[in-house]
Amino acid sequence: MDPSKNDYHFSFFKPTTESARHNRNMVVQLVSIWAVAIFGFQIILKIIEKPVPEPALTLFESSWIAIEAGTPSAIDYQGAGQAVLSVLGKIAIKADDKLLLENALSTFAWQLSDQNDEFKSTVSAFEEIAASITDISDETYVTKKNELIPVLAGLFGLNELDVRSKIAPLEVKSSLMESFEDSGMDRMVETMGLYLTHNRSVLTDTKFLGFPFHYFYTAVFLLILFIGLCWLYCIRTDMFNKKYGIED
Amino acid sequence: MKKILLPAALLAFPRLLHAATAATSLEGGFKVGPAIILITILILFVLVGIIFRAKDTTDFYAAGRGISKVGSGMAIASNWMSAASFLGMAALMYGSGYHGLAYVVGWTGGYVLLLILMAGQIRKYGKYTAADFIGDRYYSSTLRAVGAIIAILISISYCVGQFGGIGLMFKWVLGIEYSWAVIIGGTVVLTYTLISGMLGVTKNMQIQYVIIIISFLIPLFILTAKFDYFWLLPQIGYGSVVSDAISGLPINETKALVNSLGHDYAIVPVPEYAMPWDPATGKSFFQWIAIAFSLMIGTAGLPHVIQRFYVVPKARDARWSVVWGLFFISILYWSAPAYAAFGKILSAHPEVGALAKDAIVVYTAQLGNIHPLIVGLLAAGGVSAAFSTVSGLLVAGSSAFAHDLYFKVINPKASPQKQLLYARLATILMAIIVTLIALKNFALIGQLVAVAFSLAGCTIFPLFLLGIWWSGSNKAGAIAGLITGGSVSLIAITYFIAGKSGLTLPAHDFISYWLEAWYFAWFGAPLAIIVHIIVSKMTKETPIEIRKFLVEQVHS
């Protein structure tokens, strides 16, 4: 249609020329693919996800029942301690949660040591050194830390080569061993659940090229798709322009 | 168990926080090698800027329209790959895991919209600046002035994050305080922009792209090779790093892989790093979607990005330059998550201490025991990324002031020399304002930059989208839409600044969550578009000359 007959009124949805109609259809197709690929996938991810606990949470929950009831065995303290170390090893935790978990861990260690003052002094001595040094390669600091690792690993029933054994000396605090408030105990289950429960599904558990599939899709594939969509648009626009004799 | 209250013990606890961590040793003092690399690159930039400097206003604003589509694609990529891409994206993923990928998707997916909805048409419209388009399309010098002011605000907002990145890298290289690093870095980038103008900037951008991408990729090849992953294509090889982080990595007894501080290359399971909207990150599904959407429409509304389409000779070149630009950008965006994944494992030991997230790219290379000169090159790449973007932003902002405000509205008889003078004065003023805000260190680089995207998405994007694709879009609709988008932006930014200043406004938590400063465009942009359409339909239609121009020049 001659646009002048329409007083040059036009819109994306009501194109006035054949080439504009082609362009509209192409844009609608590409935007639809784009939108479904981005948002559709995330919506599916959301719909099919289920909160799945880490094994450490299951271990903690089974140990915590006895601790909360006031009838814990050494195995309960060890299980809870291992689980708490699994959270403290994550690093990215809130400051007040970290304090709570260190408090719990120190209390467990104290109980597992049979409230041994010598153990507490050893931890305290290490803390003194840690507080005084400016370089973590300080020889005394490294020696004391390496002495404490097997002690704590033994208490918590961990292999010395377990990652958690390596971080334990930095998380057990002598000042937090003999105190654990009721409010802290009340927060434990919720706090552990927060850090040890994750949204998982078949899309997150399937591996593709080493990636969890959903991660590969979002971080790698979508970018390839975007380039592909842009490339397709340019190719088809060039073809249309040639077909309709449009000069840029 | 004993439940005894021992407040004294708890009070004594903070003392232990002073225990040594490696964060300070990673920071270190003045680093000679990296400093030489950085200074050499900066001198190179200035020399290129001098050689290709702007000779008149046309050169200054639009680089003479003599850039090829591949060259323009590189310039788009360099212009785009800012400190937010180079440093900020890895920081977001390091801190918030999968949530950070919303930024990766948002900052690339927007180019699809930009291309198929705008690039060619903008070039065909044939203006110099975003405000030029708004003023002409909506036949209003007031809207032109408002468009120019918004363009300046967006440029300032965008630059703040960049200056933060420059500050962090100068701090790391020179071993000086953040404040001084921002001031020194800001002065250097200002000097270089003033000398070069946009022609120099475009040439520089091509060189900067090469430096940025090489400096970013070399350490990644080394890291993947050193820690025994598929190193030939680290953008794929790091997939196993992500999986290792999810399942946990035990200490390897046979290979003795360690970081530069001697800690084992090992970590407890951290599925929260990769699982979607993990409760431990405190981020939700809604926030993921809102960020991706806001960044995408913001991309299609950023004046300094739109302006790049004026520097290519033809509309076809504008279209193909987007494809090339996106490809060049994606090389970096495929790589950035790898730094975050390696950083997560390499910094897992508590002795490493709290690292500045925005410098995690550099810290990861350091912890990976990569040669200091290569780490220095990486830091210089970060500075280059920030420089290339800042120079484009300062040109866009100063163009908006000198061309759209001063020449088109205040003094139409101004000579080209006077316009150039005002453009340069505006550049200096903007740099000073940005430096002052950057010193406040409000948020992560990526988040600060995202504010500019939401602002652009709420204001400029609706004007371009409807202005190009609907002849019924008129001045009254544009004003109403702009007021709506501007109001949403104002509310969101006010709540953000109030929150940072320790003030609590009415419904603070509600507004801060649903209209957070990095994603308020999810609501503001659609609302502005709807209001724009309704008001346009209710008021006097667009003059026929403009409708005719759109049909005959832009869409034929």
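This dialogue looks at how chain A and chain B meet, and then at one helix of chain B.

Biologist: What kind of model is this, and how are its residues and chains labelled?

Modeller: It is a predicted model, in which local features need pLDDT of at least 70 and side-chain atom pairs count only at pLDDT 80 or more, while totals for chains, interfaces and linings use all residues. Residues are numbered from 1 along each chain as its sequence is written, chains are lettered from A in the order in which they are written, and side-chain values use heavy atoms, with hydrogens and water left out.

Biologist: How much area do chain B and chain A bury between them?

Modeller: The size of an interface is often given as the accessible area lost when the parts come together. Here chain B and chain A bury about 8300 Å² (accessible area lost, 1.4 Å probe, summed over both), and 70% of it lies on carbon and sulfur atoms. The contact (heavy atoms within 4.5 Å) takes 98 residues from chain B and 95 residues from chain A.

Biologist: How many salt bridges are counted between chain B and chain A?

Modeller: A salt bridge is a side-chain nitrogen of Lys or Arg within 4 Å of a carboxyl oxygen of Asp or Glu. The count between these chains is four, and A:D238 and B:R316 meet in a salt bridge at 3.1 Å, N to O.

Biologist: What span should helix α18 of chain B have, and why?

Modeller: Helices are DSSP runs (H or I, at least four residues), numbered from the N terminus, and the expected span is 1.5 Å times one less than the number of residues. The 23 residues of α18 (residues 416-438) of chain B should therefore span 33 Å, which agrees with the 32 Å between its end C-alpha atoms. Buried residues (under 20% relative accessible area, 1.4 Å probe, protein chains only) in α18(B) include B:L420, B:M430 and B:V434.

Methods
Buried area = accessible area lost by both parts, 1.4 Å probe. Helix = DSSP H or I, 4+ residues; strand = E, 2+ residues; numbered from the N terminus. Buried < 20%, exposed > 50% of the residue type's maximum accessible area, 1.4 Å probe, protein only.
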